[in-house]
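Me: I am new to this structure and should like to learn how its features are read. May we begin with the model itself?

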Amino acid sequence: MSSHLPLSPLQPFSLADWPHKAPRVWVKRDDLIHPIVSGNKWRKLAHVEISRSKHVVSIGGGYSNHLHALGFKCIQQGVRFTALVRGDYSKNLTPMLKDLTNWGCELHWLSKKEYAVRDTSAFQSWIDSTFSKPLFIPEGGSTKLALKGIGDMMLEIDKQAINQLGFTPTTFIAPVASGATLAGIASGAKADSSVLGIAVLKGESYLQQQVARFLPDTATNWQITHDYTFGGYAKSTPSLKSFCEQVYQQTQLSIEPVYSGKAFFAVDALVKQHAFRATDNLIVVHTGGLQGAR
Ligand SMILES: *Cc1c(COP(=O)(O)O)cnc(C)c1O
């Protein structure tokens, strides 16, 4: 394992119209970890022992990077995989659902009502009886093991920043949906640094709870900003889309409007609002997600 570390580079990032006293910004390029498996989903699944079960079941939306990543890993390891998908896409498969069927995964459509009760014990019993006690991995792959995988990334960043590039990170920034990525960053961050999550969907107390459920009450080094949801999950605007294009033209960094686009948009806005000190070193985690942008 260790000979392959780090899994992704840490690179400087800036935009032409940033103010003179902008902080230094670095991108952890987890989008480069794997050509098919989305970066943070790769990290979150790294410690899940898929090959120890006969059948894996998980749940998500029709564009879920998590279902896509997990399906790929299961098939690679010869394990049966069933995706419980919110909504019926049978007449209109998304590119990601097409990949899953091409790989030999099974799709099971859930109504919105069924999906809404996904966190109840009745739903768990339904899974156990319908699929005869599979290994069930919750939405987004957000489990305690996911935090361990994100913790590996934090160790890499420390080594790259402190040992190779000669700086100490002051702030970590990442998009937030099901919460384990930000929780993993918050638990891996050193005491004198802070962690800022960029909400990519609406629901302030929901997202707060999604992250907090993995952390001790004493963890106070993190917060979430809800100013850059652009109206909700996968919602976008012309200004977000043109920002993504502008970033690509200036830096050759590909970002997409669902996750990384919102995170970088927030960084750009906050830098221009002088929300950081010129001496700060920000680490923006590029979580991947480019498969979902197809
Ligand atoms: C799933 C995902 C996220 C959100 O991570 P959570 O751990 O669910 O909060 C961020 N970026 C990308 C690209 C994702 O696929």
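Reply: Helices and strands are DSSP runs, a helix having at least four residues and a strand at least two, and they are numbered from the N terminus. The model before you is predicted.

Me: Which helices and strands each supply at least two residues of the shell around the ligand?

Reply: They are helix 1 (39-45), strand 7 (171-176) and helix 7 (180-188). Helix 1 gives the most, with three residues.

Me: How many residues surround the ligand, and which are the closest?

Reply: A residue belongs here if one of its heavy atoms lies within 4 Å of the ligand. There are 17 such residues, and K41, K44, S178, T181 and T287 are the closest. By character, the shell divides into five nonpolar, ten polar and two charged residues.

Me: Which polar contacts does the ligand make?

Reply: A polar contact is a pair of N or O atoms within 3.5 Å. From K41, a polar side-chain atom lies 2.6 Å from an oxygen atom of the ligand. For N40, the distance from a polar side-chain atom to a ligand oxygen is 3.0 Å. G179 takes part through a backbone N or O atom, 2.8 Å from an oxygen atom of the ligand. The protein covers 98% of the 380 Å² of accessible area that the ligand has on its own. The space taken by the ligand is the largest pocket.

Me: How many aromatic pairs are there?

Reply: Rings pair if their centres lie within 6.5 Å, and planes under 30 degrees apart count as stacked. The count comes to eleven aromatic pairs. The rings of W26 and F167 have centres 4.5 Å apart and planes at 10°, so this pair is stacked.

Note on methods: Residues are numbered from 1 along each chain as its sequence is written. This is a predicted model: local features need pLDDT of at least 70, side-chain atom pairs count only at pLDDT 80 or more; totals for chains, interfaces and linings use all residues. Side-chain values use heavy atoms; hydrogens and water are left out. A polar contact is a pair of N or O atoms within 3.5 Å; within protein, one must be able to donate a hydrogen and the other to accept it, and residues adjacent in sequence count only if both atoms are side-chain atoms. Accessible areas come from the Shrake-Rupley method with a 1.4 Å probe; for residues, only the protein chains shown count as cover. On a 1 Å grid over the protein atoms alone, a cavity is a set of points where a 1.4 Å probe fits but cannot get out, and a pocket is an open set with protein on both sides within 12 Å along at least five of seven lines; lining residues have an atom within 4 Å of a point. A molecule sits in a cavity or pocket if more than half of its atoms lie within 2 Å of its grid points. Ala, Val, Leu, Ile, Met, Phe, Trp, Tyr, Cys and Pro count as nonpolar, Asp, Glu, Lys and Arg as charged, and the others, Gly among them, as polar. Rings of Phe, Tyr and Trp (its six-membered ring) pair if their centres lie within 6.5 Å; planes under 30 degrees apart count as stacked, over 60 as edge-to-face and the rest as tilted.
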